Amino acid sequence: MYEHTIIHALQLMCDQHGCYIEVVTHNTLHLSKDPYGSFVVQHVLKLCDLHCTYNTAVNLGGHCVELSFKKYGSYIVEKLLETEESMILVVAELLECKVDRLMRLARSEYGKFVVVKALRVTQEEMITAYLFWGLVHKLMPFHHLLRNSRGSTIAAILESTC
């Protein structure tokens with residue numbers, strides 16, 4: 001309910017100036033950390049504007065792993081994984097993080113959904129196969145730790161590659 005009020009207020013303020021999307025994408029990091037603000041970011045991402053989605057991913061650069069540990073932040077990161085341009089940025093960040101942090105993410109309550117989605121979307125697209133295999137290579141040594149935890153779906157994807 002509250003998030004709809006925020007969205008409506010932003011639309012009223014910015015419709016006159018055509019800046020609604022720009023205001024949100026400029027403040028994406030701050031909004032993504034707030035439960036209600038994350039709904040606003042999700043709403044903007046649902047508009048399927050590639051420029052907006054890419055700018056959102058760029059503005060969240062370096063923070064996608066951190067956001068993936070949180071309930072509302074993980075929704076945003078998952079949404080970014082649905083578009084090739086932003087997906088590449090998110091998966092590159094996953095690949096750049098240290099192995100122990102990636103494993104904590106894969107076993108966390110919300111982060112596991114981000115890792116599963118990253119594996120699935122990169123596996124589906126031939127153009128992003130190198131990202132998929134990069135994630136597999138990084139996670140494979142620890143697949144046994146994922147098997148009996150919140151990361152069991154991740155372990156199943158990893159085992160299917162053997």
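**Figure 1. Confidence along the chain of the predicted model****.** Within the protein chain, confidence is lowest in helix 1, residues 2-15, where the mean pLDDT is 56. The highest value, 95, belongs to helix 6, residues 64-68. Averaged over the protein chain, pLDDT is 83. A score of at least 70 is reached by 87% of the residues.

**Figure 2. Salt bridge between Lys33 and Glu66****.** The structure holds six salt bridges, and this view shows the one in which the side chains of Lys33 and Glu66 meet, at 3.5 Å from N to O. The pair links distant parts of the chain, its two residues lying 33 residues apart. Lys33 sits in the loop between helix 3 (28-32) and helix 4 (35-45), whereas Glu66 belongs to helix 6. Lys33 counts as partly exposed because its relative accessible area, 43%, falls between the 20% limit for buried and the 50% limit for exposed. Glu66, with 23%, is also partly exposed.

**Figure 3. Salt bridge between Glu66 and Lys70****.** Glu66 also forms a salt bridge with Lys70, and the closest N and O atoms of this pair are 3.8 Å apart. Lys70 has a relative accessible area of 38% and is therefore partly exposed.

**Figure 4. Salt bridge between Lys79 and Glu82, with a note on the shared network****.** In the salt bridge of Lys79 with Glu82, the closest N and O atoms are 3.0 Å apart. Lys79 has a relative accessibility of 23%, so this residue counts as partly exposed. Glu82 is partly exposed as well, with a relative accessible area of 46%. Elsewhere, Lys33, Glu66 and Lys70 are joined into one network by salt bridges that share partners.

**Figure 5. Patch of negative charge on the surface****.** Four residues, Glu84, Glu85, Glu124 and Glu125, gather here in a surface patch of negative charge. Glu84, one of these residues, is placed in helix 8, which covers residues 84-96. The relative accessibility of Glu84 is 33%, so Glu84 counts as partly exposed. This value also meets the patch requirement of over 30% relative accessible area.

Conventions: Residues are numbered from 1 along each chain as its sequence is written. This is a predicted model: local features need pLDDT of at least 70, side-chain atom pairs count only at pLDDT 80 or more; totals for chains, interfaces and linings use all residues. Side-chain values use heavy atoms; hydrogens and water are left out. Patches are made of residues with over 30% relative accessible area and no salt bridge: like charges are joined within 9 Å, nonpolar side chains (Val, Leu, Ile, Met, Phe, Trp, Tyr) within 5 Å. Accessible areas come from the Shrake-Rupley method with a 1.4 Å probe; for residues, only the protein chains shown count as cover. Lys and Arg count as positive and Asp and Glu as negative; His and the chain ends are not counted. The place of a charge is taken as NZ of Lys, CZ of Arg, CG of Asp or CD of Glu. Helices (H or I, at least four residues) and strands (E, at least two) are DSSP runs, numbered from the N terminus. Buried means under 20% relative accessible area, exposed over 50%, partly exposed in between (1.4 Å probe, protein chains only). pLDDT is the predictor's confidence in each residue, from 0 to 100.
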